[in-house]
Amino acid sequence: MTLLLDGRAVSEKLRARIKEKVESFVRKGFRRPGLAVVLVGDDPASVVYVNNKRKACKKVGIESFFYHLPQDTPEGRLLSLIDELNKDERVDGILVQLPLPEQIDRLKVIEAIDPSKDVDGFHPQNMGLLVAQSEKGFIPCTPLGIDLLLRHYGIEVKGLNAVVVGAGFIVGRPLSLLLLWRNATPTVCHVYTKNLKEHTLKADLLVSATGVPGLIRGDMVKEGAVVVDVGISRVGGKIVGDVVFDEVAPKARAITPVPGGVGPMTVTALLLNTLKAYERHLSSTIKP
Ligand code: NAD
């Protein structure tokens, strides 16, 4: 029987614990944790993601502050907003929804965020701490969510051949570093990889994060592999992943569904990172 890695159910449990923790701080008289969510423009997928994140915050008692800027916002305006949010004591985490319009340099924006509020984990300082395997940093939300999901089901990645398809800065690249931290043997494939199937067939753990629907077919997967589908694409009004589920699931030991797999875990990881930032901000501001 193939094990379904149910991100929704695991998220529910983890979010209940986050809520309990938040409420226990509030009962002790502390302010609520705060997450600033910044959206530039009206990209429909981004609007959905931002709304999901804000709803998830509300449910666990995290305050969210929403800043919706027009598509033609100059880079300087966004940078000055980030500067304000860096100084705002109600704000523990700052999330700037990607992608940004083309007049804005993504790296400049990421670098402007105070690393102690960078709950997305994209700031070079946090990326460096990921390379250094330090708990001091923030791990990007999708890789962290996948790590939590696998741990929840007792899937030990240590020693596994882990093949990550997709080397994007948000998922594939940081995930391969996290897998290395967890003592797996990662291989990272991308659009220029020759003979993708040769690599994927060696995977004990196969993660696909490309956004190419139907990329991973049944004949590309080893019998008994654990398969994690990160892809989100809209095809004919339906949300689909990178993996052809019906072909791959019968061969897999465990697999994530799309939707309901990695997506909710990403949001849960964001809540956890925000709580971590909050706890650190509190302990640095409370005077003995
Ligand atoms: P990206 O564009 O930054 O990276 C895509 C990667 O896929 C690149 O490295 C590219 O080389 C590779 N790729 C493209 N076509 C390929 C092919 N035919 N064969 C092999 N590799 C190929 O994208 P991203 O931001 O990393 O996102 C990837 C996917 O994950 C998207 O569908 C995105 O919507 C989804 N995503 C999901 C979540 C979630 O929570 N489930 C979170 C973030 C991103």
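C189 is buried in this predicted model, with a relative accessible area of 0%. C141 is buried as well, at 6% relative accessible area. The structure as a whole has zero disulfides. The sulfur of C141 has its closest cysteine sulfur in C57, 11 Å away, which is too far for a bond. The points below take up the ligand shell, three buried residues, the cis peptide bonds and two asparagines with positive phi.

**Cysteines**

- A disulfide requires two cysteine sulfur atoms within 2.5 Å. The sulfur of C141 is 11 Å from that of C57, the closest cysteine sulfur, and therefore no bond can join them.
- C141 falls under the 20% limit for a buried residue, because its relative accessible area is 6%.
- C189 counts as buried because its relative accessible area is 0%.

**Ligand shell**

- The ligand is surrounded by 20 residues, of which A167, V191, G211, I232 and T266 come nearest.
- By residue class, the shell holds eleven nonpolar residues, nine polar residues and no charged ones.
- Three residues of the shell come from helix 10, residues 262-285, and this element gives the most to the shell.
- A polar backbone atom of V191 lies 2.9 Å from an oxygen atom of the ligand.
- I232 also places a backbone N or O atom beside the ligand, 3.0 Å from an oxygen atom.
- In V230, a polar backbone atom is 3.3 Å from a nitrogen atom of the ligand.
- The protein buries 72% of the 860 Å² that the ligand exposes when taken alone.

**S11 in helix 1**

- S11 belongs to helix 1, which spans residues 7-27.
- With a relative accessible area of 2%, S11 is buried.
- A polar atom of the S11 side chain lies 2.8 Å from the backbone oxygen of G7.
- Beyond its neighbours within four places in sequence, S11 is in contact with P264, M265 and T268.

**V37 in strand 2**

- V37 is part of strand 2, residues 34-40.
- The relative accessibility of V37 is 0%, so V37 counts as buried.
- Leaving out residues up to four places away in sequence, V37 touches V50, R54, F65, F66, Y67 and L95.
- H68 is 31 residues from V37 along the chain, and the C-alpha atoms of the two are separated by 8.3 Å.

**I155 in a loop**

- I155 sits in the loop that runs between helix 6 (141-152) and strand 5 (161-165).
- Although in a loop, I155 is buried, with a relative accessible area of 8%.
- Setting aside residues up to four places away in sequence, the residues that I155 touches are L5, L150, V226, R253 and A254.
- One of these contacts, R253, is 98 residues from I155 along the chain, with 10 Å between the C-alpha atoms.

**Cis peptide bonds**

- L98 and P99 are joined by a cis peptide bond with omega at about 0°.
- P99 is placed in the loop between strand 4 (93-96) and helix 4 (106-112).
- Another cis peptide bond runs from V258 to P259, where omega is near -5°.
- P259 is located in the loop between strand 11 (254-255) and helix 10.

**Asparagines with positive phi**

- N183 has a phi near 70°, a positive value in a residue other than glycine.
- The loop between helix 7 (172-181) and strand 6 (185-189) contains N183.
- N183 is partly exposed, at 49% relative accessible area.
- N195 has a positive phi too, near 50°, and is likewise a residue other than glycine.
- The loop between strand 6 and helix 8 (196-200) holds N195.
- N195 counts as partly exposed because its relative accessibility is 46%, and the partly exposed class lies between the 20% and 50% limits.

Definitions and conventions:
Residues are numbered from 1 along each chain as its sequence is written. This is a predicted model: local features need pLDDT of at least 70, side-chain atom pairs count only at pLDDT 80 or more; totals for chains, interfaces and linings use all residues. Side-chain values use heavy atoms; hydrogens and water are left out. Helices (H or I, at least four residues) and strands (E, at least two) are DSSP runs, numbered from the N terminus. Buried means under 20% relative accessible area, exposed over 50%, partly exposed in between (1.4 Å probe, protein chains only). A polar contact is a pair of N or O atoms within 3.5 Å; within protein, one must be able to donate a hydrogen and the other to accept it, and residues adjacent in sequence count only if both atoms are side-chain atoms. Contact means heavy atoms within 4.5 Å. A residue is near a molecule or strand if one of its heavy atoms lies within 4 Å of it. Accessible areas come from the Shrake-Rupley method with a 1.4 Å probe; for residues, only the protein chains shown count as cover. Ala, Val, Leu, Ile, Met, Phe, Trp, Tyr, Cys and Pro count as nonpolar, Asp, Glu, Lys and Arg as charged, and the others, Gly among them, as polar.
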